[in-house]
Amino acid sequence: NVRYPGLVMLYQRRMPFSERVSLFSCSDMLVNAAVRHGLNLIPFEYVLCGGDKHGGFVVSEFLGCSRVMPGAVRTNPWRDECTAKAIYKLLTQQPHQKAFWHQLQVEFCINNTVVSWADKAFLDMKRIRDLMMSLGEDVRSRCRVGIAKMPHKEMSQKYLKVDQVYEAYQQTTTRLIIVDIDLILRPILHPEKAHEGRALLATKHSILRCLRNLSSESGNYIFLLSSNTPEEIRQFFGDEMVALAQVGLAAEDGFWYKWPGSELDRWDARVPLTNGWKEGAFGLMSQYMQRTNGSYIEDDKEASITWHWSSSRERSNHEFGAMQGKELHNHLQEMLAHFPVRVVIGRTYVRVRHEGVTKGSFVEHVIKHYNNRGGVDMLFIIADDVADEDLFNV
């Protein structure tokens, strides 16, 4: 303020609404650089006070409105050069562009009021209640009216009961059992990933005992699926790998696999790979790794590359990582649109994998194999991740 007196005014108090509205109505730009303020209504107030000035605003990417408000210029407030570029972009915007975006912003604020938000929330609750009633569930103890967090187990869905599994097992003679074992391998092979979901610690002895008992019974065909490499699976089981001779194995989401009864060292590749996409995905993931504390890239697999954003609860902010993961997912889809790959987002990771290399496609391949040989009486699949949903769509 020595060179330009009064240019910067610092207020360390709560500004009254009337004073804030007056300031908004005569300003050309709003810069909101909050770092932890999801529900921030200041940009909405600024839009409705704009009038004929058609003022724009630069908002932090950590604000919830930055992703829904049309025409918002988003920036990372931790990077001064990014914020400076965002301000310059808004200052040099053409008048007709400002008028266009301001009109969309005003319409958004008018059409998305607290009342409309509450109506949508109650309509969603009504749909959930109707669905629960159609499934025969007790809505009195599970469906609540109001704003509350519902535990995941209270979501409307049919749960598979252990008694039903035992009954189906006893009534059938041929069974195809497919189990995703990532939840078992993760905390042992990769202790830094132990917090990625609920890790169930189980000893190799108990796992192998169950597998031996199941595989020794006539009519059982067992497959273990994993996103890990064949080397990591061998590392987990070690010298006791010989106990899996009658168990089918699939590594890297089904890219490498072995049939039950085949040699333990014989792993077949299921699809031919296309080159050129991994380098671009790695470069973009590296940028997000630098911006997201505690994240890392897993690029030791043949048919996929993965960016993890939550390797440790202490080193990485999970909420920020999830937001970065969604943004990376969108960027990768745009960049790799012409390559034969798929971009999937899991609980704590974003993965680019070659087309046709999914656990679901592998399970479909296995089912067709056994159907050509007379089929099975029972199909039982266990998985633990959002990215494993394609297993149940086969």
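## Strands, rings and two unusual turns of the backbone

Tryptophan 256 is partly exposed, as its relative accessible area is 23%. Here buried means under 20% relative accessible area, exposed means over 50%, and partly exposed is in between (1.4 Å probe, protein chains only). Bear in mind that this is a predicted model, where local features need pLDDT of at least 70, side-chain atom pairs count only at pLDDT 80 or more, and totals for chains, interfaces and linings use all residues. Residues are numbered from 1 along each chain as its sequence is written, and side-chain values use heavy atoms, leaving out hydrogens and water.

**The aromatic rings**

Let's stay around tryptophan 256 for a moment. Rings of Phe, Tyr and Trp (its six-membered ring) pair if their centres lie within 6.5 Å; planes under 30 degrees apart count as stacked, over 60 as edge-to-face and the rest as tilted. By this rule the model has 14 aromatic pairs. In one of them, phenylalanine 255 meets tryptophan 256 edge-to-face, because the ring centres are 4.9 Å apart and the planes stand at 75°. Tyrosine 257 and phenylalanine 362 also form an aromatic pair, but a tilted one, with 5.8 Å from centre to centre and 55° between the planes. That pair ties together parts that are 105 residues apart in sequence, because tyrosine 257 lies in strand E7 (residues 256-258) while phenylalanine 362 lies in helix H13. Helices (H or I, at least four residues) and strands (E, at least two) are DSSP runs, numbered from the N terminus.

Who else is part of this aromatic cluster? Tyr221, Phe223, Tyr257, Trp259, Phe362 and Tyr370 form one cluster.

Helix H13 is worth a look of its own. It covers residues 359-371, so to speak a run of 13 residues, and reaches 18 Å from its first C-alpha to its last, close to the 18 Å expected at 1.5 Å a residue (the expected span is 1.5 Å times one less than the number of residues). Plenty of H13 is tucked away: Lys359, Gly360, Ser361, Phe362, Val363, Val366, Ile367, His369 and Tyr370 are buried.

**Strands E1, E2 and E3**

Two strands pair if DSSP finds at least two bridges between them. Strand E1 (residues 29-32) pairs with E2 in the parallel sense over 4 bridges, and methionine 29 stands opposite glycine 56 in E2. On its own pairing with strand E3 (residues 73-75), E2 again runs in the parallel sense, over 3 bridges. There, valine 59 has arginine 74 in E3 as its bridge partner.

How do the side chains sit along these strands? In a regular strand the side chains alternate between the two faces of the sheet. E1 follows that pattern: Leu30 and Asn32 point to one face and are buried, while Met29 and Val31 point to the other and are not. In E2, Gly56, Val58 and Ser60 point one way and Phe57 and Val59 the other way, yet all are buried. Put as a count, strand E2 (residues 56-60) is mostly covered, with 5 of its 5 residues buried.

**Loops and positive phi**

Most residues other than glycine have a negative phi, and most peptide bonds are trans. Histidine 54 goes against the grain: it is not a glycine, but has a positive phi of about 55°. You'll find histidine 54 in the loop between helix H2 (42-48) and E2. Aspartate 253 does something of the kind, with a positive phi near 60° in a residue other than glycine. Its place is in the loop between strand E6 (248-251) and E7.

Another loop residue, threonine 229, is found between strand E5 (220-225) and helix H10 (230-237). The C-alpha atoms of threonine 229 and alanine 250 are separated by 9.0 Å, and the two residues are 21 residues apart along the chain.

Here is how covered some of the residues named above are:

| Residue | Relative accessible area | State |
|---|---|---|
| Histidine 54 | 25% | Partly exposed |
| Threonine 229 | 4% | Buried |
| Aspartate 253 | 4% | Buried |
| Phenylalanine 255 | 4% | Buried |
| Tyrosine 257 | 10% | Buried |
| Phenylalanine 362 | 1% | Buried |
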